[in-house]
Amino acid sequence: MILTAEQQSLLDGAKGATMSKIMQTLVRYGEIFGAEKMVPVTGEYGHLVLSFGLTFLGPVFDLYQKLIDEGCLSGQKFTCDPRPYDKNVPQSPVQKVAAKFIFGKQARYEKQLEKLGILNDDSYTCTCYLDEIGNTPKEGDVLSWAESSAVVYANSVLGARCNRNSGIIELFGSVAGFVPYFGLLTDEGRKADWIVELKTTKMPDAQILGSAIGMKVMEDVPYVKGLDKYLGTQLTDKAKTYLKDFGAATASNGAVGLYHIENLTPEAKTQGERLVKEDAKVYVIDDAELERVKNGYPCVWKNPDASPKLCFLGCPHMTLEQLIDWTVKIEQGLKASGREQVRIPTVFTASQGVMKEFARSQYASRLKKTGVVVSYICPLMFMDNPLWQHQPVITSSNKLRTYTTARFYSNDEILDIITGEGK
Amino acid sequence: MKREFKGRPIAPGEATAQAVVTRQGFNTLASMQMMFIQPKTKCVDQSNPDIYKKELQDKALCLPQTIGSTTGGMFLYSAVMSAKAPACLLFSKEIDSLAAAGAVLADVWSENAKMPTVDRLGDEFLDFVQDGDMITVKEDGTVIVERA
């Protein structure tokens, strides 16, 4: 890799041994992928994936303390993934005690984040790119982010440029102010390896479509044809919400960092099929294929016939529109079944910015009446606890299904389960 | 039976360990998230029948690439620093950015703990290697697979 004089001096130790090691890490990381240079981070803010003070991640907190002690702080403010715990989420007394132990380093870690450069106390969300939070990169911005669902959204929907960086690496990029130039930062790396031809008879569930594509293409870039028939050709709030959930499923069920939706996402609109590589493979998705994928999800509950004890929606965090839509749907479902409240404890998760906007609307009190709890947590990390293993939790998030023992149902099935007579 | 493969050393080092093999992408977070409360790290990824419930710690983990959450590299780094990691990572394909981060972080920031990592071993490697095979990794990226 050819470094500038400034970069070389950092590597040589001009700003201390810790900064030199940060540079060594970034250079070696880049060279693995053939990077020949570093490029400046041009996005206004960073985004970190590690938001949880998991007792057992001591080596990471020790490393971050070293950065703080040596003055190696982020050169840009950053947002961060959601906090892992909220006492208002339904749980047993034993689970509450266990959470205090498991997330025993939370307070210490949040103090570290303040020193390292977190934007503010409301910055904890995986949907940092929403208007209510304000970490919304511009097209062409170079980012040093982690969080798979945020990276794939920034690349695909916003047209920013970011690799699927790991936790720690993303902070190193924000500290150094530059990142190795490879992969999704380059024009060539943003070309599609796959054409996905959508031939379903109705709009596919975003979570299942994303899962199918992720499992098929793994870390490649897909170019999706036929989805604009359902989402239109403008990035409306509805389309962006769909793509948020679709992208999270592609990134967690596979390793997708960028997708193109024909006639809709920025690069697909301007470049069209010029984005597709000559030797691109083809994946045809019809109703039967989506059914096959959904039926392939295992259920690892101790008793597969158990009644669900908790329902989580909002991984990634819900948008304001989703909170409002679900409020209306739940009211309608309860009215149809003659119930007053949901029959299973249900938690919707969203950023604090979205929660504040929602609280100002007429829908907040209406949702509260249905018994649904709204929380700022990361349900994935909340459930990252042996006491939640094999508990009958349900979700319509394919990301949450992937990382926990939660069982997946489509949104329609979830609505039926929590408001009506569904299983 | 004995076969030798040559790959690219990402984190050079030597290791000898029994193979545990996944032929689908290894989801680091989904697989290793319970490692710190397990006596020995075992895979808890319900979506990976190849290695679900199998021991990973001190094994030669043979895989195509890692997938999933961008906490992946951070978890690998913590696993190495806490002596909960596989003995080595052996990739048939080019390593992905998350695993690369974990391997490099452990190599640069750890003074003693190591997790030799080799990629580009080829599809033939993953077609051949089986659970329980004895694996020897050398500094230059040579991987020897021995089957009793």
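**View 1. A close-up of the bridge between A:V196 and A:V224.** Let's start small: A:V196 has A:V224, a residue of β6(A), as its bridge partner. Keep in mind that this is a predicted model. Zoom out a little and the two strands come into view: β5 of chain A covers residues 192-198 and β6 of chain A covers residues 222-225. They pair in the parallel sense, and four bridges link them.

**View 2. The open sheet built from β7, β6, β5 and β8 of chain A.** Following the strands across, you meet them in the order β7-β6-β5-β8, four in total, with parallel pairing. The sheet is an open one. Where does it end? Its edge strands are β7 (260-261) and β8 (276-285) of chain A, and each of these pairs on one side only. As general background, strands of a sheet pair through backbone hydrogen bonds, in either a parallel or an antiparallel way.

**View 3. Domain 2 of chain A where it touches domain 3 of chain A.** Chain A splits into domain 1 (5-185), domain 2 (190-295) and domain 3 (310-419). Here we look at the last two of that list, whose C-alpha centres are 25 Å apart. On the domain 2 side, 11 residues are in contact with 11 residues of domain 3 of chain A. Which elements of domain 2 give two or more residues to this side? They are α8 (206-217) and α10 (237-253) of chain A. The most comes from α10(A), with seven residues. As for character, the domain 2 side that touches domain 3 of chain A has six polar, three charged and two nonpolar residues.

**View 4. Chain A as a whole.** Stepping right back, chain A holds 18 helices and 13 strands. Its radius of gyration is 22 Å, close to the 22 Å that the globule rule gives for 423 residues, so chain A is as compact as a globular protein of that length. Measured out along the principal axes, the C-alpha atoms of chain A fill a box of roughly 70 × 55 × 40 Å. Of the 423 residues in chain A, 53% are buried. Contacts reach far along the chain, too: among those between residues at least 6 apart in sequence, 81% join residues at least 24 apart.

**View 5. Chain B and the predictor's scores.** How sure is the predictor about chain B? The average pLDDT of chain B is 95, and 100% of its residues score at least 70. For the complex, the predictor gives an ipTM of 0.94 and a pTM of 0.95.

Conventions: Residues numbered from 1 in each chain as written. Chains lettered and ligands numbered in written order. Predicted model: local features only at pLDDT ≥ 70, side-chain atom pairs only at ≥ 80, totals over all residues. Domains from an automatic or database assignment. Contact = placed C-beta atoms within 7 Å. Nonpolar A, V, L, I, M, F, W, Y, C, P; charged D, E, K, R; others polar. Pairing = 2+ DSSP bridges. Rg over C-alpha atoms; globule rule 2.2 N^0.38 Å. Buried ≥ 20, exposed ≤ 12 C-beta atoms within 10 Å, placed from the backbone. pLDDT = per-residue confidence, 0-100.
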